[in-house]
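Visitor: I'm new to this one and would like to learn how to read it. Could you walk me through a few features?

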Amino acid sequence: MHRGAADGRGLSAGAGAPVTVRHELDVVLADVEALYRAAIADEPSELDLTRLRELGIAWGRRQRPLAPLVLALRHHTESAVAAVITGDTGGDVPRLVEAVRRTEVSAVCALASGFEQAVRGEDGQLAAANLLWGGHVPPEPDYAVIALRCDGDLGPRIGHALTARGRLGAVHLLSDGGGFLLAPAHDEKDAVQLCEELREDLADPTWLAVTWRPNTEIEDAGVQASVVLDLVTNLAAPPGVYDVQDVVVEYALMRDTEALVALLALIAPVVHHELLRTTVETLVATAGNRSKAASTLNIHRSTLDYRLNRVGHLTGCAPMAARGLQTLATALTLHAVVHRRAVAGAGGSRSTTRTPW
């Protein structure tokens, strides 16, 4: 369905009604949904990409910030991937996941191309988007790629902090709640130091997931940073600076679709049984101490053991053994991440301009 020309008339909310960023995001993401449906069916549509370039032009001409748009696309992508992983697609799940992720790259590049045509000048958000989605590889330098989560508008505060610290050449994609920061860094140690400086300068509790990569691998670094941030927040980690080593097992499984699907299937009987799920979560929280877990649950030790035996029978993992409990704990964490993403998509990811983190 054609929604209007690239001059922005097609973004109108109706006669006499004000056009808002929220409404424009709804229009753009409706087109992206069509792209995802085509990708999952393995039928990519050039017409949809053309439409997205038009919308990028209209977005730039209205002087809208690029950050909430492309961050919403990232949110929408993760919801679509979660739906493929948890749904009955009847197809090759890894292939479908890869198709959705390729579509995200195509969609962002098309929008950024239109936006660039409209703004016709230097724009830090555009530079960050091009770096993160593979649209541009700078000749130098290497970058710290940081995914952030923090309440409130980070943009102005990040800019002041970077200037005060003499961190020149940084670009960012930040919206209400978080986003990405890319800054030149000599090595991993320098990247972590930058994060520590930012955490010190930002008054609010802030979670920062950092990775450092050669400038040819920035796109992969952005994916890694966002997954790490998602994992540490689902693990209820305190505000701080994190990298992939803090969640290395969970991260590896999140990036291996076949292993992730298998682990989600393993934990499904537990997460669908509230009593068993609470029991396992309590045992994990007490580091496998059954006496303490029974006390926390206010049940007899024999009742706890009965429930744990049921968990072992349903999953094939013995929660009384360290290895089995670790497997169950990891599966619960990954289920929480994927389930949250799937629910966000089913609930309408276009209902908010906040970022996924």
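Visitor: Where does Asn298 lie?

Guide: Asn298 is in the loop that runs between helix 12 and helix 13 (301-315). Keep in mind that this is a predicted model.

Visitor: Is Asn298 buried or exposed?

Guide: The idea is to look at relative accessible area, where anything over 50% counts as exposed. Asn298 has 70%, so it is exposed.

Visitor: What about the phi of Asn298?

Guide: Its phi is near 60°, which is a positive value, and Asn298 is a residue other than glycine. Ala287 is another case: it is not a glycine, yet its phi is positive, about 55°. You'll find Ala287 in the loop between helix 11 and helix 12 (290-297). With a relative accessible area of 71%, Ala287 is exposed. One more positive phi belongs to Arg120, near 45°, and this residue follows helix 4.

Visitor: Which residue does Ala287 come near in space, 39 residues apart along the chain?

Guide: That's Gln326: the C-alpha atoms of Gln326 and Ala287 are separated by 9.6 Å. Gln326 belongs to helix 14 (residues 322-346). Gln326 counts as partly exposed, because its relative accessibility is 48%.

Visitor: And Thr286, in the loop between helix 11 and helix 12: buried or exposed?

Guide: Here the cut-off to know is that buried means under 20% relative accessible area. Thr286 comes in at 11%, so it counts as buried.

Visitor: Which residues does Thr286 touch, not counting those up to four places away in sequence?

Guide: Thr286 touches Lys292, Ala293 and Thr296. For Thr296, ten residues apart from Thr286 along the chain, the C-alpha to C-alpha separation is 8.9 Å.

Visitor: How do I check the span of a helix, say helix 11?

Guide: Use a rise of 1.5 Å a residue and compare it with the distance between the end C-alpha atoms. Helix 11 (residues 274-285) has twelve residues, so it should span 16 Å, and its end C-alpha atoms are indeed 16 Å apart. Try helix 4 (residues 93-119) as well: it has 27 residues and reaches 39 Å from its first C-alpha to its last, close to the 39 Å expected.

Visitor: Which residues of helix 11 are buried?

Guide: The buried ones are Leu276, Thr279, Val280, Thr282 and Leu283. They cover an arc of only 160° around the axis, so they sit on the same side of helix 11. On the other side of helix 11, Glu274 and Ala285 are exposed.

Visitor: Why would residues three or four places apart point the same way?

Guide: An α-helix has 3.6 residues a turn, so a step of three or four places brings you back to the same direction.

Visitor: Now for rings. How many aromatic pairs does a search of the whole structure find?

Guide: In general, a pair of aromatic rings is described by two things, the distance of the centres and the angle of the planes. Here the search of the whole structure finds zero such pairs. A ring can have a charge over it, though: the charged end of Arg149 sits over the ring of Trp207, 5.8 Å from its centre.

Visitor: What else is Arg149 in contact with?

Guide: One of its contacts is Thr206. Leaving aside neighbours within four places in sequence, Thr206 is in contact with Arg149, Cys150, Pro239 and Gly240. Thr206 lies in strand 3 (residues 206-213). Its relative accessibility is 2%, so Thr206 counts as buried.

Visitor: Where does Val21 fit in?

Guide: Val21 lies in helix 1 (residues 21-40). At 23% relative accessibility, Val21 counts as partly exposed. Its C-alpha and that of Pro68, 47 residues apart along the chain, are separated by 8.8 Å.

Visitor: How many helices and strands does the protein chain have?

Guide: There are 14 helices and four strands. The chain has 357 residues, and buried residues make up 49% of them. Among contacts with a separation of 6 or more, 71% come from residues 24 or more positions apart.

Visitor: What is the mean pLDDT of the protein chain?

Guide: pLDDT is the predictor's confidence in each residue. The mean for the protein chain is 83, and 85% of its residues reach 70 or more. Over residues 1-18, though, the pLDDT is below 50, and this stretch has 29 contacts in the model beyond near neighbours in sequence. Over residues 348-357 pLDDT stays under 50 too, and the model has 39 contacts there beyond four places in sequence.

How values were computed:
Residues are numbered from 1 along each chain as its sequence is written. This is a predicted model: local features need pLDDT of at least 70, side-chain atom pairs count only at pLDDT 80 or more; totals for chains, interfaces and linings use all residues. Side-chain values use heavy atoms; hydrogens and water are left out. Helices (H or I, at least four residues) and strands (E, at least two) are DSSP runs, numbered from the N terminus. The expected span of a helix is 1.5 Å times one less than its number of residues. Buried means under 20% relative accessible area, exposed over 50%, partly exposed in between (1.4 Å probe, protein chains only). The arc is that of the directions from the helix axis to the C-beta atoms. pLDDT is the predictor's confidence in each residue, from 0 to 100. Contact means heavy atoms within 4.5 Å. Rings of Phe, Tyr and Trp (its six-membered ring) pair if their centres lie within 6.5 Å; planes under 30 degrees apart count as stacked, over 60 as edge-to-face and the rest as tilted. A charge sits over a ring if NZ of Lys or CZ of Arg is within 6 Å of the ring centre and within 35 degrees of the ring normal.
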